[in-house]
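Grab a coffee and work through these short exercises with the model open beside you. Each task is followed by a worked solution.

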Amino acid sequence: MAPILNWVEMHDDVSLPTASPEILHAIPPFYAEYDARCLVVLPGTVFDQIMHHIKGNCSVERIGILIGRPCKRPSGEQLLACVEAALPVDDITASRVKVSIQKNGWKNVWGEPALNSTGSIIGWYHSHPNHGVFLSAVDRKTQSLWFAQEWKTAIVIDPIRGEHQAFTGADGIAAPIIFI
Ligand SMILES: [Zn+2]
């Protein structure tokens with residue numbers, strides 16, 4: 001199946017559009033002072049959908065894809081990963097302590113017909129039931145292989161401890177989540 005056009009186009013395009021006034025208005029001013037290259041903008045409704053998915057089974061790690069678009073502040077110094085939707089990926093073998101999508105698995109995700117009409121993949125999420133929010137060695141490998149651009153986002157959620165954290169770019173740097 002053909003790769004998603006937006007994904008391919010964005011892969012080599014470093015000139016991001018400026019965020020819309022609506023999005024800029026929704027970001028509290030103090031985030032401009034944040035020492036973070038990339039901020040993750042996440043609608044509360046999408047977060048609720050993610051939580052609904054991962055709380056469906058807290059005995060395994062669950063995983064999904066984040067759809068949205070990257071943009072930048074007018075100053076260009078901060079990037080914004082604007083999440084617009086989340087899609088569960090349920091056909092992947094999960095265990096209690098480890099979830100990963102092997103190379104072929106990610107190829108299948110890119111080819112999902114549902115993604116072709118909804119937008120670009122800007123990241124992924126998965127759960128760490130009761131073992132905290134961090135990127136494991138496998139997570140870091142996944143991030144650097146498939147989500148290397150600065151705005152590519154990994155959101156890790158521990159539904160039992162009630163913790164969540166975003167990480168961006170090939171190195172998986174911790175990034176603030178701004179709920180809108
Ligand atoms: Zn993990």
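## Exercise 1: the zinc site

Along the sequence, the residues that donate to the zinc ion follow the spacing H-x1-H-x10-D. A quick word on the ground rules: this is a predicted model, so local features need pLDDT of at least 70 and side-chain atom pairs count only at pLDDT 80 or more, while totals for chains, interfaces and linings use all residues. Residues are numbered from 1 along each chain as its sequence is written, and side-chain values use heavy atoms, with hydrogens and water left out.

**Task.** Work out which atoms coordinate the zinc ion and which geometry label the site gets.

**Solution.**
- Step 1: look for donors, meaning N, O and S atoms within 2.8 Å of the metal (3.2 Å for Na, K and Ca); water is not among the atoms, so sites may look incomplete.
- Step 2: you'll find His126 (NE2), His128 (NE2) and Asp139, which is listed twice through OD, at 2.0 to 2.8 Å.
- Step 3: check the angles among the four donor atoms; they run from 52 to 168°, and the site is irregular. Four donors would count as tetrahedral if all angles lay between 85 and 135 degrees, or as square planar if opposite donors were over 155 degrees apart and all others between 65 and 115.
- Step 4: place the donors. His128 sits in the loop between β4 (120-127) and α6 (137-146) while Asp139 is in helix α6, so this pair ties together parts eleven residues apart in sequence. Helices here are DSSP runs of H or I with at least four residues, strands are runs of E with at least two, and both are numbered from the N terminus.
- Step 5: check exposure, where buried means under 20% relative accessible area, exposed over 50%, and partly exposed in between (1.4 Å probe, protein chains only). His128 is buried at 2%, and Asp139 is buried at 2% too.

## Exercise 2: strand β2 and its partners

**Task.** Find the strands that pair with β2 and describe how they do it.

**Solution.**
- Step 1: two strands pair if DSSP finds at least two bridges between them.
- Step 2: β2 and β4 run antiparallel over six bridges, and Ile63 has His126 as its bridge partner in β4. That His126 is also a zinc donor.
- Step 3: β2 and β3 (residues 79-89) are antiparallel as well, over ten bridges. Leu66 is bridged to Ala86 in β3.
- Step 4: look at the link. β2 and β3 make a hairpin with six residues between them, and Gly76 in the turn has a positive phi of about 80°.
- Step 5: check the cover. Eight of the ten residues of β2 (residues 63-72) are buried.

## Exercise 3: the cysteines

**Task.** How many disulfides does the chain have?

**Solution.**
- Step 1: a disulfide is a covalent bond between the sulfur atoms of two cysteines. The rule here asks for a pair of cysteine sulfur atoms within 2.5 Å.
- Step 2: by this rule, the count is zero.
- Step 3: try Cys38. Its nearest cysteine sulfur is that of Cys82, 8.7 Å away, and Cys38 is buried at 3% relative accessible area.
- Step 4: try Cys71. Its sulfur is 3.5 Å from the closest cysteine sulfur, in Cys82, which is too far for a bond. Cys71 counts as buried, at 5% relative accessibility.

Technical notes. Four donors count as tetrahedral if all angles lie between 85 and 135 degrees; four count as square planar and six as octahedral if opposite donors are over 155 degrees apart and all others between 65 and 115; anything else is irregular.
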